[in-house]
Every structure is written in C-alpha cells, then in structure tokens.
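Thanks for coming, everyone. Please bring up the structure, and we'll walk through it together.

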Amino acid sequence: MTNRSRRVRLSVLDTAPIAAGSDARTALHNSVELAKRADALGYHRYWLPEHHGMRGVASTAPAVVAARIASATHRIRVGAGGVMLPNHSPVVVAEEFGTLECFHPGRIDLGLGRALGGPRDVADRVRGPHERAATPFADRIAELIALFDADGDRPAAVPAAGNRPEIWLLGSSDHTARIAGDLGLPFAAAHHLTPMNTVEATGRYLDCFRPSAICPTPRISISVSVIVATNAERAHWLAGSLRMKTARRRQGEPMRLPAPDVAADRGFATPRHPGDEPPGLIVGTTTTVLPALAALADAADADELLVKTDVYDPEDRHESYELLMNAADRLPHPARQRP
C-alpha cells in the first residue's frame with residue numbers, strides 16, 4: 001500500500017560560495033547565518049561538501065564547519081554532503097563524526113562520496129593516488145560502518161563506538177547507486193552536477209536495494225540547484241551570476257560568483273541559448289519552481305530535496321530559501337510503494 005503520511009522534505013546543500021570581492025572567512029560566516037535561518041524555517045538537514053582547490057568554494061572541511069553549525073543551531077540535522085572517503089582514513093572519519101555525534105546526538109549526518117573533490121593535482125596533495133586506490137570504495141564503507149559498532153572489545157575509533165551518525169551514500173552514477181543499494185544505505189543523487197543521470201541512478205538504487213539495520217527501506221534524496229524570487233524577472237536576474245560563473249568555467253576561466261548587475265551587463269540576465277543554463281538549475285517564483293521540483297521528486301522517487309542556492313547577496317539567498325519553505329506545503333507526498 002502506498003505510504004502518503006509524509007511530504008517530500010526540504011533540506012539545504014551549501015558549498016559556502018565565495019562571491020567576487022569577498023573571501024572564505026565571509027563565506028563561512030554567511031553559511032552559519034544561513035544555517036540558523038534554515039533551522040528556524042524548518043528545513044530538515046544542512047549539508048556541507050568536501051571540495052578542494054576551488055577558488056569560489058569555502059567548504060573544504062565539512063566536519064569542522066558542521067561542528068560550528070551544529071553548535072549554532074537547535075533542531076536541524078547537520079553533516080557532510082559529503083566526505084570524499086578515498087581521501088581519508090576510515091578511522092579518522094569515524095573519530096570525527098563519532099565525536100560530532102557525541103556532542104549533538106541524533107543530529108549528525110555522514111554522507112560519503114568517492115569523487116576527488118577537486119582538481120587532480122590538488123587531490124593528489126590531499127592523498128596520493130596509490131593510497132586512494134588501495135582499497136575498493138565498498139570495502140572502505142564497510143570498514144567505516146564497522147568502526148561505529150559498540151560491541152567490539154577494542155574499538156579503533158573510541159568516540160565512534162556506539163555513536164553512529166546517519167550514514168548516506170552520495171553519487172551521480174549507476175555504479176554508486178548500486179553500491180548504496182547493495183549495502184542497504186540511503187542514497188543521495190547529485191542532480192545539481194549530472195541531472196541527466198538522476199532518474200536512471202535512483203531506479204538502479206531501488207532495483208538493487210537490500211534492507212539493512214541502518215536502512216530497512218530505501219531512502220532517496222536529490223540535490224538540486226534552485227533560485228526563487230518574488231517575480232520571475234528578478235529570479236532570472238539573480239541567476240545571471242551563476243550563469244556567468246558556469247560559462248566562464250566551461251571556457252577554462254574559473255571565477256568567483258559575480259554580482260548580478262555585472263552578469264546582466266555581460267548578457268547573462270536571461271539564458272541566451274538552451275545550453276546556457278547551469279546543469280539542472282530551476283529558476284522562478286514558487287508558482288513555477290514547485291511544480292518542477294514536484295516533477296523531479298516524482299520521477300526520481302525521492303523522499304527529500306537538497307536545495308542548493310548560489311546567489312551573490314546573502315539576503316537574496318535567505319529570501320529564496322524562505323519563499324520556498326513557506327510554499328512547501330504544495331509539494332506532494334512520496335509516491336513510492338512501501339510495505
């Protein structure tokens with residue numbers, strides 16, 4: 001019988017974007033303020049990714065930022081979306097997130113990814129390629145999960161024993177979706193990076209899913225880029241910053257997020273060609289954005305949407321999240337058939 005007791009949840013994915021003329025310190029403080037606002041608005045969780053060597057991104061150490069944000073908020077779940085596990089020893093990850101769970105029981109998430117998290121030359125400085133490839137990804141995950149087991153006689157990661165956060169697997173491919181399903185873990189699909197793979201990946205996850213003690217029934221979250229404003233013209237004007245940044249990156253000229261008036265002067269206030277829009281970006285008022293989000297959640301069979309909003313002015317970012325949450329009662333219930 002279809003379970004329609006809950007609506008699709010809304011959460012936040014925040015890269016701590018660094019705007020043009022600003023710096024990492026400001027971006028990280030902006031993230032703390034946004035997390036406080038998201039907590040007050042009723043967003044379900046707040047995730048921070050691990051990126052390295054990206055001049056416009058301040059979120060490089062998700063465990064550190066998550067600690068600050070969890071201390072500054074009261075209800076919202078906080079965590080990594082995600083830790084790039086090949087870059088780290090499972091013991092260290094377990095210690096970090098077990099410690100966070102000790103301080104904030106029942107509020108910490110640990111999303112795990114297998115990407116580099118940045119340009120290869122920088123990633124190689126984080127951890128050498130031979131070390132990254134020494135152990136298969138699925139084996140690293142199994143090792144990490146075991147470190148949270150409270151039954152061991154001699155735990156290797158003492159704060160982790162009995163203090164397991166909520167563990168998710170992140171990805172954009174069939175391969176990662178299959179691992180998540182085989183291990184019985186919740187799956188977060190990176191729609192904001194590779195929107196063309198989302199539906200296929202979540203379908204594969206559901207096909208492969210095996211119930212586990214961690215996740216008895218499948219759970220799917222979708223990360224999606226969204227910009228909402230009080231009218232469509234302003235929403236597209238705000239989105240010009242991201243369009244210009246995306247266009248420059250494709251041209252091999254990475255830049256920090258420009259002001260929307262600068263982007264408008266360069267012709268980015270509206271898409272000039274169908275391919276100009278950043279991957280999967282949904283822009284507009286709640287009247288147009290909510291149906292698009294509902295259609296995505298339905299197509300991917302998602303329980304939750306991780307909303308990523310990159311705009312130049314922190315106040316515009318706050319407003320976008322507020323407008324979306326205030327209209328969230330129009331999002332549908334999950335449609336998946338469950339026992």
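Let's start with a question: are W47 and W168 buried or exposed? Both are buried. Keep in mind that this is a predicted model.

Stay with W47 for a moment. W47 sits in strand 2. Its relative accessibility is 1%, under the 20% cut-off, so W47 counts as buried. Look at what W47 touches beyond its sequence neighbours. The list includes V12, L13 and D14. It also includes G79, A80 and G81. And it includes W168, L170 and L306.

Now the ring pair. The ring centres of W47 and W168 are 5.7 Å apart, and the planes meet at 80 degrees. An angle over 60 counts as edge-to-face, so this pair is edge-to-face. W47 belongs to strand 2, residues 45–48, and W168 to strand 5. The pair therefore ties together parts that are 121 residues apart in sequence.

How many aromatic pairs are there in total? The count comes to 4. Ring pairs also link F187, Y205 and F209 into a cluster. Hold on to Y205, as we'll meet it again.

Next, strand 3. W47 and G82 are 35 residues apart in sequence, yet their C-alpha atoms are 7.5 Å apart in space. G82 lies in strand 3. What kind of peptide bond joins G81 and G82? A cis one, with omega at about 5 degrees. And G81, remember, is among the contacts of W47.

Two more backbone points. A16 has a phi near 55 degrees, which is positive, and A16 is not a glycine. A16 is in the loop between strand 1, residues 9–13, and helix 1. At 1% relative accessibility, A16 counts as buried. D301 is another non-glycine residue with a positive phi, near 60 degrees. Find D301 in the loop between helix 11 and strand 9.

On to the largest pocket. Its volume is about 1100 Å³. How many residues line it? The lining has 44 residues. Nearest the pocket's centre are H51, M54, H192, L193 and K308. By type, the lining splits into 19 nonpolar, 18 polar and 7 charged residues.

Which elements supply the lining? Strand 3, strand 5, strand 6, strand 7, helix 9 and strand 9 each give at least two residues. Helix 9, residues 232–250, gives the most, with 4. So two strands from earlier come back here, because strand 3, which holds G82, and strand 5, which holds W168, both supply lining residues.

Now helix 8, residues 198–208. Which of its residues are buried? They are T198, A201, T202, Y205 and C208. Seen down the helix axis, these buried residues fall within an arc of 130 degrees, so they line one face of the helix. A general point helps here. An α-helix has 3.6 residues a turn, so residues three or four places apart point the same way. What does that buried set pack against? Helix 7, strand 6, strand 7 and helix 11. And there's Y205 again: buried in helix 8, and part of the ring cluster with F187 and F209.

Helix 2 next, residues 62–72. Its buried residues are P62, A63, V65, A66, I69, A70 and A72. They pack against helix 1, strand 2, strand 3, helix 3 and strand 4. Strand 2 is where we found W47.

What about A67, also in helix 2? A67 is partly exposed, with a relative accessible area of 28%. Beyond four places in sequence, A67 is in contact with L100 and H104. A67 and L28 are 39 residues apart in sequence, and 12 Å apart from C-alpha to C-alpha.

One last stop: S89. S89 is in the loop between strand 3 and helix 3. S89 is partly exposed, at 27% relative accessible area. From S89 to R132 is 43 residues in sequence, but 9.5 Å in space between C-alpha atoms.

To recap, W47 and W168 form an edge-to-face pair, and both are buried. G81 and G82 share a cis peptide bond. Helix 9 gives the most residues to the lining of the largest pocket. Thanks for listening.

Terms used
Residues are numbered from 1 along each chain as its sequence is written. This is a predicted model: local features need pLDDT of at least 70, side-chain atom pairs count only at pLDDT 80 or more; totals for chains, interfaces and linings use all residues. Side-chain values use heavy atoms; hydrogens and water are left out. On a 1 Å grid over the protein atoms alone, a cavity is a set of points where a 1.4 Å probe fits but cannot get out, and a pocket is an open set with protein on both sides within 12 Å along at least five of seven lines; lining residues have an atom within 4 Å of a point. Grid points are joined across faces, edges and corners, and a volume is the space filled by probe spheres set on the points. Ala, Val, Leu, Ile, Met, Phe, Trp, Tyr, Cys and Pro count as nonpolar, Asp, Glu, Lys and Arg as charged, and the others, Gly among them, as polar. Buried means under 20% relative accessible area, exposed over 50%, partly exposed in between (1.4 Å probe, protein chains only). The arc is that of the directions from the helix axis to the C-beta atoms. Contact means heavy atoms within 4.5 Å. Rings of Phe, Tyr and Trp (its six-membered ring) pair if their centres lie within 6.5 Å; planes under 30 degrees apart count as stacked, over 60 as edge-to-face and the rest as tilted.
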